[in-house]
Amino acid sequence: MAHLAIAGGQPVRRTPMPSWPVWNQDEVEAVRAVVESGRWGAQQGTEVRGFEAEFAAYQEAAYGIAVTNGTVALKLALTAAGVGVGDEVIMPGYTFVATATAALEIGAVPVFADIDPGTYTLDPASVEACLTTRTRAIVPVHLGGRAADMDALMALAQRHDLVVIEDAAQAWGASWRGRKAGTLGHVAGFSFQSSKNITAGEGGMIVTNDAAMGALAHSLSNCGRQPGGLWYAHYVLGGNYRLSEFHGAILRVQLRRYPIQLAHRQANAAYLEQALSEVDGITTLRHDARVTSNAYHVLFLQYHPAAFGGASKARFLAAMRAEGIDAMHAGYSLPVYRQPVLLAPNFGLATPPLFSGVYPAIPDYGKVTLPVTDRACTEEALWVRQSVLLGERQDMNDIVAAIDKVQRYSHELPE
Ligand SMILES: Cc1ncc(COP(=O)(O)O)c(C=O)c1O
């Protein structure tokens with residue numbers, strides 16, 4: 001008789017894992033108050049301005065500029081930091097596509113460096129190998145909520161006179177040696193898209209301690225207006241990237257709830273990592289005392305097929321789902337440099353991108369191979385969802401029990 005549920009046995013669990021978003025009557029009341037106030041835009045209301053101040057204070061940064069999403073936050077942060085047409089921007093190959101497209105949209109050129117196999121964040125040695133005379137910036141991604149090695153990356157940036165734009169899309173409350181994400185580089189972009197640990201469905205924020213970058217980012221997000229200027233006077237090439245009061249109101253509620261949720265996720269992540277240290281074939285990322293707060297948008301696990309009878313990551317995940325454990329997924333299945341958009345002529349558009357004629361040749365991303373990134377995408381990385389880390393100890397125990405069972409009976413995994 002089969003043991004594994006995927007082969008016809010009984011599943012470990014029959015109840016769903018905790019889901020996302022988490023909300024209550026506070027969000028409902030906050031939205032209702034905005035509706036009834038009649039002040040729906042940030043120019044009239046106080047919710048977006050309040051959220052900017054509260055989130056910047058939470059990140060211990062001087063300036064916060066709310067925008068429509070994290071992609072826009074990165075694009076405007078790059079521009080505010082002086083990155084433009086033809087400038088090379090070094091970033092990890094293992095990230096969401098927006099890290100790269102934010103640069104491409106302003107005519108800058110993404111250059112992909114590999115990640116450290118023990119942290120899944122930028123490997124400073126690989127960044128160093130990517131430097132050219134056209135390098136202008138580094139974009140460390142605090143992937144999954146774990147800060148990149150900002151000591152090494154800031155030292156490298158200083159030596160080569162580069163700006164550092166943190167992709168902090170997943171790093172609310174994350175810190176490195178006690179300093180919060182968003183204050184570690186020159187400027188940063190955060191996301192509040194629907195999967196994120198603080199969300200209003202969409203939303204983003206630029207965070208910086210640099211007054212000039214903050215002022216420019218604000219102007220860029222508000223049609224090029226300037227403080228004190230006439231409403232219909234526009235001074236720089238910006239756009240309308242403003243967030244609505246509805247978003248601001250929800251995000252303020254989400255932020256109030258956040259510190260307790262963060263501590264809850266951190267406690268469950270520590271418990272799960274400890275429990276999984278007993279399980280063959282699943283490893284966790286390296287512990288580093290300099291990562292003083294991990295936001296755990298994702299708890300990364302590393303899957304080693306040899307310990308599961310050679311079963312692929314996809315088969316392992318299918319077996320876990322059959323056991324009733326929809327707690328993890330495969331994450332990015334393609335490195336950014338293998339995304340069809342980066343391989344298509346003119347990036348899939350009818351006309352060449354902005355940097356044609358400035359840059360000697362559009363990079364042939366098809367030639368890029370980064371072994372650690374490739375391995376993470378194809379066979380190794382497992383992403384435990386942030387919502388699951390808001391569960392109870394029993395939920396964590398069920399995950400461990402299911403992994404253990406799938407391993408013990410891996411010979412039952414269908415071909
Ligand atoms: C690492 C990373 N960068 C950038 C973004 C872009 O954020 P958004 O989806 O809000 O545009 C996201 C989120 O989706 C992300 O995870």
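Which residues touch the most other members of the largest nonpolar core? Let's start there, and keep in mind that we're looking at a predicted model.

Okay, so this core has 38 residues, and the ones touching the most other members are L78, V83, F112, I165 and I206. As background, nonpolar side chains in soluble globular proteins tend to be buried together. Who contributes here? Quite a list of elements gives two or more residues: strands 1 (63-67), 2 (88-92), 3 (109-113) and 5 (163-167), along with helices 3 (70-80), 4 (97-105) and 7 (211-221). Helix 3 gives the most, with seven residues.

Let's zoom in on L78. If you skip its neighbours within four places in sequence, L78 is in contact with V83, V89, A102, A103, I106, V139 and I165. And there's a second, separate core too, with 32 residues, including L317, M320, V384 and M396.

Now, strand 3. Five of its five residues are buried, so by our cut-off each one has under 20% relative accessible area. Quick reminder: in a regular strand, side chains alternate between the two faces of the sheet. For strand 3, both faces are covered, with V109, V111 and A113 buried on one side and P110 and F112 buried on the other. You'll remember F112 from the list of core residues that touch the most other members. Strand 3 also runs parallel to strand 2, and five bridges join the two. One pair you can look up is P92, whose bridge partner in strand 3 is A113.

Next, a sheet with another arrangement. Four strands form an open sheet in the order 10-12-14-13, and the pairing is antiparallel. Strand 10 (282-284) and strand 13 (328-329) sit at the edges, each pairing on one side only. Strand 13 is joined by two bridges to strand 14 (residues 381-385), and those two run antiparallel. Find M328 and you'll see that its bridge partner in strand 14 is V384. V384 came up a moment ago, as a member of the second core.

Here's a residue I'd like you to click on: E273, in helix 8 (residues 245-276). Which side chain of opposite charge is nearest to E273, and how far away is it? It's R146, at 6.7 Å. A salt bridge needs the charged atoms within 4 Å, so E273 has none, even though it is buried. What does the side chain of E273 do, then? It makes a polar contact with the side chain of H287, at 3.1 Å. Leaving out residues up to four places away in sequence, E273 touches T284, H287, Y296 and L299.

Last stop: the segment before helix 1 (25-37), where we find R14. Is R14 buried or exposed? R14 counts as exposed, because its relative accessibility is 64%. The side chain of R14 makes a polar contact with the side chain of Q10, at 2.5 Å. Now look along the chain: R14 and E323 are 309 residues apart, yet their C-alpha atoms are separated by 8.1 Å.

G8 is in the segment before helix 1 as well. G8 is exposed, with a relative accessible area of 62%. For G8 and A322, the separation is 314 residues in sequence and 9.3 Å in space, C-alpha to C-alpha.

That's my tour. Try finding E273 and H287 on the structure and look for their side-chain contact.

Methods: Residues are numbered from 1 along each chain as its sequence is written. This is a predicted model: local features need pLDDT of at least 70, side-chain atom pairs count only at pLDDT 80 or more; totals for chains, interfaces and linings use all residues. Side-chain values use heavy atoms; hydrogens and water are left out. Buried means under 20% relative accessible area, exposed over 50%, partly exposed in between (1.4 Å probe, protein chains only). Lys and Arg count as positive and Asp and Glu as negative; His and the chain ends are not counted. A polar contact is a pair of N or O atoms within 3.5 Å; within protein, one must be able to donate a hydrogen and the other to accept it, and residues adjacent in sequence count only if both atoms are side-chain atoms. Contact means heavy atoms within 4.5 Å. A nonpolar core is a set of buried Ala, Val, Leu, Ile, Met, Phe, Trp, Tyr and Cys residues joined through side-chain atoms within 4.5 Å. Two strands pair if DSSP finds at least two bridges between them.
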